[in-house]
Amino acid sequence: MSKKGSSAVFLCSNCGTDYPKWYGQCPSCKEWGTLAEYKVKKGKRSGQSISVADPTRLKDIAKSSHHNRIKSNIKEMDRVLGGGLLPGSLVLLGGNPGIGKSTLALQIVGKVKESALYISAEESDAQIAMRAERLKVDSDKLMLSGENQIEGIIQLIEQQSPTIIIIDSIQTVYSDMIDSLPGSVGQIRESGQQLLQICKEKGVTIILIGHVTKEGIIAGPRMLEHMVDTVLYLEGDDRYNHRILRSVKNRFGATNEVGIFQMQSNGLIEIENPSELFLKERSLDVAGSAIFPSLEGTRPILVEVQALVSNASFGTPQRNVNGFDLRRLSMLIAVLEKRIKVPMGAKDTFVNLVGGLKIDDPAADLSVIGAVASSALDKSISNDVVLIGEVGLAGEVRSVSQLEKRLKESESLGFTTAIIPKYGIKNKTGLVSKIKLQKIDSVRQAFDLLFP
Ligand code: TYD
Ligand code: MG
């Protein structure tokens, strides 16, 4: 079947590994049915002579990489990146279509002092110029191009020598060497690899924009995530106009760091105090509401956990959750039923983290079980209380990480009481002064305080 001058490979759409033959299950990542055939033309890449770069002394690298971070001058962005963009790094910026990736990218290159090249095959130069006007980006160091063939892009980078390059989006870039459409796994892998190479060779910073599919992954290639140094996701909720920038991988900084923005008519605006935003429309004196000081990366953010428990009309009760793990909720409901004897078997339970925030932190357990119990018992939790603690199967409450940070944030937002795990804090930290600490070691103890 193979044509003259081209060879076939089978590429896994999940991990990007290639094989000379087809398998039903990818031998590397064990996913089923992910291998597809791609034809690679024998071009200049395979025939290239190898040039070996001189090795670099470790000391010299360490020295330079510390100071050279390019500040995007968007504080939220710089923090998520671990201090700024690192020269020679490849960054993937993913998110749903329309979430604001292009806007953010343009705002970044509009604020840096360095020269930048914005490559967009998704929008025309005129459209980008209009957006730039809206965002008040008038950098004379910013160049635009609509090139979408990777070989052309590489040539542009070599000719123009920009410091930062934005590829908007990686799904529109294609190579002549691959016999498939732009956006396919083979194309993305090839373009990604060529960009990675030039990025490291020239020490330029490249931001790849990638659309996320409905399944929640960057269309097709999870492998891009393995290839790049940093993976950022821009998330948001259709109902709220705030956006959360999250680092899920960062070779040069902490992961799970977040930046919070709001989409306004003149672009993404940084939110300095996210807790205020998330608690803005909080319900007071209502049963089924609890406040949890969550920690996003190094950043404390107070969120309202809402629960609604009602009689199930028929059959199996419904359990529905927004922003929290459903299985964890089921576990907490079981603890509530078995240990506290609150009948939950014939109840529908709904839990919602207000503001579209997603929390994957066991410290939220106590606030979730508290909100659920509050609704089930129809007793409200006092408005100035925060709840922190991981709940175990025996109904015990365990200590959590970074308690001081959570308490400080709660205190600064005017909360006066915190129900916390008994062994979570040393007595004389001196960090938290005004907030009253009520230390408990079981859910029952917490409930005795919450619902006297
Ligand atoms: P965009 O950056 O094009 O999204 P993506 O590149 O992720 O697909 O953002 C598109 C949305 O943002 C669009 O619905 C309009 C809105 N928007 C604003 O509200 N304010 C602005 O200043 C800009 C530029 C866009
Ligand atoms: Mg876009």
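Reader: How much area does the protein expose, and what share do carbon and sulfur atoms supply?
Author: About 21900 Å² is exposed, with 50% of it from carbon and sulfur atoms. Accessible areas here are Shrake-Rupley values with a 1.4 Å probe, and for residues only the protein chains shown count as cover. The model is predicted: local features need pLDDT of at least 70 and side-chain atom pairs pLDDT 80 or more, while totals for chains, interfaces and linings use all residues. Residues are numbered from 1 along each chain as its sequence is written, and side-chain values use heavy atoms, without hydrogens and water.

Reader: What fraction is buried?
Author: Of 452 residues, 50% count as buried, meaning under 20% relative accessible area with a 1.4 Å probe, protein chains only.

Reader: Box size? What are the C-alpha dimensions?
Author: Roughly 80 × 50 × 45 Å along the principal axes.

Reader: Charges next. How many positive and negative side chains?
Author: There are 56 positive and 51 negative, counting Lys and Arg against Asp and Glu, without His and the chain ends. The centres of the two sets lie 5 Å apart, with each charge placed at NZ of Lys, CZ of Arg, CG of Asp or CD of Glu.

Reader: Which residues lie nearest the centre of the largest pocket?
Author: Glu-235, Arg-246, Lys-358, Ile-359 and Asp-360, out of 21 lining residues. A pocket is an open set of points on a 1 Å grid over the protein atoms alone, with protein on both sides within 12 Å along at least five of seven lines; lining residues have an atom within 4 Å of a point.

Reader: Which strand gives the most to that lining?
Author: E9, with 4 residues. Strands are DSSP runs (E, at least two residues), numbered from the N terminus.

How values were computed. Chains lettered and ligands numbered in written order. 1 Å grid on protein atoms, 1.4 Å probe; cavity = no way out; pocket = protein on both sides within 12 Å on 5 of 7 lines; lining within 4 Å.
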